[in-house]
Structure formats: C-alpha cells, structure tokens
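Visitor: Got a minute to walk me through this one? I'd like to start with a helix and go from there.

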Amino acid sequence: MGYRTYTCPIAKSCGGCEWLAVPYPIQLERKQALVEEVLGQAARRDHGTLEKICGMDEPRSYRHKAATPFAPGSRGRVRCGFYAAGSHRIVPCSSCLVEAPGARDVLNAVARAAERCGIPAYQEDRGSGVLRHAVVRMGYATKECLLTVVTNGPRLPRAEKFVNDIRRNQPQVTSIVQNINERRTNAILGRQCITLYGPGVMHDRLLGCSFEIGPTSFYQTNPAQTEVLYRAALDAAKLTGKETVVDAYCGIGTIGLCAAPHAGQVIGVERNPAAVKDAAANARHNKLSNAKFVCADATEWMAAAADEGLHPDVVFLDPPRAGSTPECITAVAKMAPRRVVYVSCDPETLARDVAIFARH
C-alpha cells in the first residue's frame, strides 16, 4: 500500500505534529523499533513475541477530539488556534490535517461568535476575561457533536445570543456545554458544567457497544484505532463467555463493556464518581446486566477483594501514561488471575511494570 506524505502550512510555527512529514511506513518502523528496544528483552525472557504494529489505513483526520485556547486580540478580536511549541503564543489554524473534518470549523466559529456577542477572551497573565478554551468531540460512528466552552467563572454574557450564533453557523453541533474553570492553571477543564443546548452529552459506538460521553469523560481521541486496540485486548483475554473479569482504571467502562458480551461477569473499578456513573448508565443502555461498576481506588479495592476470596480469570489494566504502581501490581498478583491484559500509553512505563509483574 502506498502512503502519501502531508505538508501542513503551520507545521513549523505550531510544532504540534512532529512526525507528520515523515512517511507513514517509516513512522511505523520507528515505533516498532522503539518497542523492540524497550520490550524485546522481556518478551524473549518469557518466551513471548512482539507482533507487528497495527497501523492505520489512512493516517489523517483521526483525532475526534480537538481544542483551542482563546486570547484577546486587537479591536475586540478573539484569537484562537494552537499554542506554538514551548510557549503560550497562539498560532491561528483554519484546518488541521489530523483532526476530524469540521472540528476546527466549530472551534473557530466559537471565536467569531464571541466577537459578535462582545464576550472577551481570557487574559492569562491577569486572570481576567471570560472565554478560556473550547473543546469539541465529534462522533466516530454517529453524527453527534459535543461542544464544551470553558469560561473563567459562571457568568457568560449574552449566552443565548452566543449559543444561537454557533448553532446557526455550525448546525452539526448537537450539544453545547459551559464548563467553569476559575483556577489559575494549565488544566483546560474545571469541575462544574452547565448545559446550554441539547442533552449535554454525545454518543458514540465501539465494537457494537454504545457509549455516552460527557464534557469531562475520558474517551480515546482516535476511535478507529481504539477499535483495533480493543480487539487486540479482547483476543489476548481469550474469553469464552464464562470468565469473571476485572476492569481496573475503567473510566466510563469502554473496555469492560466491550468485553461483557463475551464474559460471565465484569467488574469495573474507577475512583472518579462521574465516570462510574457514566459506566453504569452505559451498561444499562447496552442492556449488559453482567457488568457492574465500583467507585473505589483500584489498588485498595483489588487488595481487599483478594482478601475476600475474589480470583478473577482476567484483569484488564488501562492505567494513565505514568503507568501502574508496584502496589497496584501486587494487588493484581494477590488476586491470582489466569491472565492480565495491560493496555499501555507508554512502552517504557510498560516495560518497568512488566518487570514488576515478572517478580510476582
């Protein structure tokens, strides 16, 4: 299969896509070599193999989540785009090769609507102004579009006019939510959300399961490759329909619910109460009565469950980029599952954690 190379007009000033100009087969070769270097020794020691990397058919327009910061410009203008590499200087962007079609149009429309409504952009150095960020999620298997507008406080002047302007110019938007973030922080989202239009959530589908996704929900940004990843995880689990499965760090339940039709029972563990609520709702929506979700610290819960005699057949681990912890791995080992399927964000932290697993 031949691959095109892509040229982005703002690549040098934006600095967000360091690999974009590298032909995709070479990208995959380099990633494969990195994993071989980091994990090859562990695989050989355990008489395992590293399979060939599973790339995309078309490596562009894959990000179904996009965001922009806002900053004041001259004469009431609202600037938006990307932060230049290593700075908070905004580089304007009319379209992005790696984002889903239409995502950047929605974000730019927010800036224009704010200008027409006289809503001032946030001034980072002073902590003043209203409009801080916007985040858009585009459906992969649906046509839904959730727009989250982040403000520096609960007041959003001329909110109705602002919402109507966005809807008129971007009719694909199905929900608009105001998120309030008053903290002086680099974190985009705050804790409080107010629905301004629509249901305040969006829905998407992965491997036949439907998921409700809110403004603060974690959901993979590349759903096409997420399906490839989850199929690999389910293949590795070798489920027959009878197993007890624990899904640690389960979030809104994506991996566990995709596994539930092929397992006896699934127990998801997540310490974020909002995510647990979403996961339970997703189980009901998909009519999966064999999946339940527990709001708890995964390490503490697994250690206590092992003491009570729970020995699941499979444990799915999907920790953040920092990886798992020795305490969590010890808790998994204490439950003595037949199989652990670890979904990793970083091969180096995976290699570190595999070494700890090996000691158990």
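Guide: Sure, start with α3, which is mostly covered: eleven of its 15 residues are buried. Buried means under 20% relative accessible area, exposed over 50%, partly exposed in between, with a 1.4 Å probe and protein chains only. Helices (H or I, at least four residues) and strands (E, at least two) are DSSP runs, numbered from the N terminus.

Visitor: And the ground rules?

Guide: This is a predicted model: local features need pLDDT of at least 70, side-chain atom pairs count only at pLDDT 80 or more, and totals for chains, interfaces and linings use all residues. Residues are numbered from 1 along each chain as its sequence is written, and side-chain values use heavy atoms, with hydrogens and water left out.

Visitor: Which residues of α3 are buried?

Guide: Among them are Ala103, Val106, Leu107, Val110 and Cys117. The buried residues pack against β1, β2, β3, β5, β6 and α4. Contact means heavy atoms within 4.5 Å.

Visitor: What span should α3 have?

Guide: At 1.5 Å a residue, its 15 residues (103-117) should span 21 Å. The end C-alpha atoms are 22 Å apart, which agrees. The expected span is 1.5 Å times one less than the number of residues.

Visitor: How do α3 and α4 cross?

Guide: Their axes come within 9 Å and cross at roughly 140°. That makes α3 oblique to α4. Angles under 35 degrees count as roughly parallel, over 145 as roughly antiparallel, 65 to 115 as roughly perpendicular and the rest as oblique. Axes are lines fitted to C-alpha atoms, for helices over the stretch in contact, and angles run from 0 to 180 degrees between N-to-C directions.

Visitor: Who makes the contact?

Guide: Val110, Ala113, Ala114, Arg116 and Cys117 of α3, with Lys161, Phe162, Asp165, Ile166 and Asn169 of α4.

Visitor: New topic. Where is arginine 158?

Guide: In the loop between β6 and α4. Arginine 158 has a positive phi of about 50° although it is not a glycine. Most residues other than glycine have a negative phi.

Visitor: Buried or exposed, that arginine 158?

Guide: Arginine 158 is partly exposed, with a relative accessible area of 44%.

Visitor: What about tyrosine 249?

Guide: Tyrosine 249 has a positive phi of about 55°, and is not a glycine either. Tyrosine 249 is in the loop between β11 and α6. At 24% relative accessibility, tyrosine 249 counts as partly exposed.
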